[in-house]
Amino acid sequence: MKQRASAYDLATSSAPACGSTRIIGIDGRSGAGKTYFAGQLAHELECTVVSLEHVYPGWHGLAAGIESVRVMLTHLAHDLPSPLPQWD
């Protein structure tokens, strides 16, 4: 029987591709457990979770949220601290 790789194994099996940072995207339907899974994986990897739902400034903030993430990833790619405004 073929053994499945764990999420931890998959997340750490390749070198970082954004400076010294690994970016892991988690996608799924509403209520699928993405937040729970991200929290568990972050605990195992000892890393931070950035939830995109907190990046968008309101219902009509998709473009601004995308720009914020672009800036964040650019900073991380150059190993710089990454400012990321959060909305609630």
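Ala, Val, Leu, Ile, Met, Phe, Trp, Tyr, Cys and Pro are counted here as nonpolar, Asp, Glu, Lys and Arg as charged, and the others, Gly among them, as polar. With these classes in hand, the lining of the largest pocket can be described as 17 nonpolar, eight polar and five charged residues. The structure is a predicted model, in which local features need pLDDT of at least 70 and side-chain atom pairs count only at pLDDT 80 or more, while totals for chains, interfaces and linings use all residues. Residues are numbered from 1 along each chain as its sequence is written, and side-chain values use heavy atoms, with hydrogens and water left out.

A word on confidence comes next. The predictor's confidence in each residue is given as pLDDT, on a scale from 0 to 100; the mean for the protein is 85, and 97% of its residues reach 70 or more. Among the elements, helix 2 has the highest mean pLDDT, 92, and helix 1 the lowest, 86.

The protein holds three helices and zero strands, where helices (H or I, at least four residues) and strands (E, at least two) are DSSP runs numbered from the N terminus. Read along the sequence, the pattern is therefore written α-α-α. The C-alpha trace spans about 50 × 35 × 20 Å along its principal axes. Of the contacts with a separation of 6 or more, 43% join residues 24 or more positions apart, a contact being heavy atoms within 4.5 Å.

We can now return to the largest pocket, whose volume is about 960 Å³. On a 1 Å grid over the protein atoms alone, a cavity is a set of points where a 1.4 Å probe fits but cannot get out, whereas a pocket is an open set with protein on both sides within 12 Å along at least five of seven lines, and its lining residues have an atom within 4 Å of a point. Grid points are joined across faces, edges and corners, and the volume is the space filled by probe spheres set on the points. The lining has 30 residues, of which Ile24, Gly25, Thr48, Val49 and Val50 lie nearest the centre of the pocket. Helix 1 (7-12), helix 2 (34-45) and helix 3 (62-77) each supply at least two lining residues, and helix 2 gives the most, with six.

How much of the protein is buried? Buried residues, those under 20% relative accessible area (exposed means over 50%, partly exposed in between, with a 1.4 Å probe and protein chains only), make up 15% of the 88 residues. The largest nonpolar core consists of six residues, Cys18, Val55, Val69, Met72, Leu76 and Leu84; such a core is a set of buried Ala, Val, Leu, Ile, Met, Phe, Trp, Tyr and Cys residues joined through side-chain atoms within 4.5 Å.

Not counting residues up to four places away in sequence, Val55 touches Val50, Gly65, Ser68, Val69, Leu84, Pro85 and Trp87. Ser68 lies in helix 3 and counts as buried because its relative accessible area is 16%. With that same exclusion of sequence neighbours, Ser68 touches Val55, Leu84 and Pro85.

Two loop residues complete the tour. Ile26 is found in the loop between helix 1 and helix 2, and its 34% relative accessibility makes it partly exposed. Leaving out residues up to four places away in sequence, Ile26 touches Lys34, Phe37 and Ala38. Ser51 is in the loop between helix 2 and helix 3, and at 23% relative accessibility Ser51 is partly exposed.
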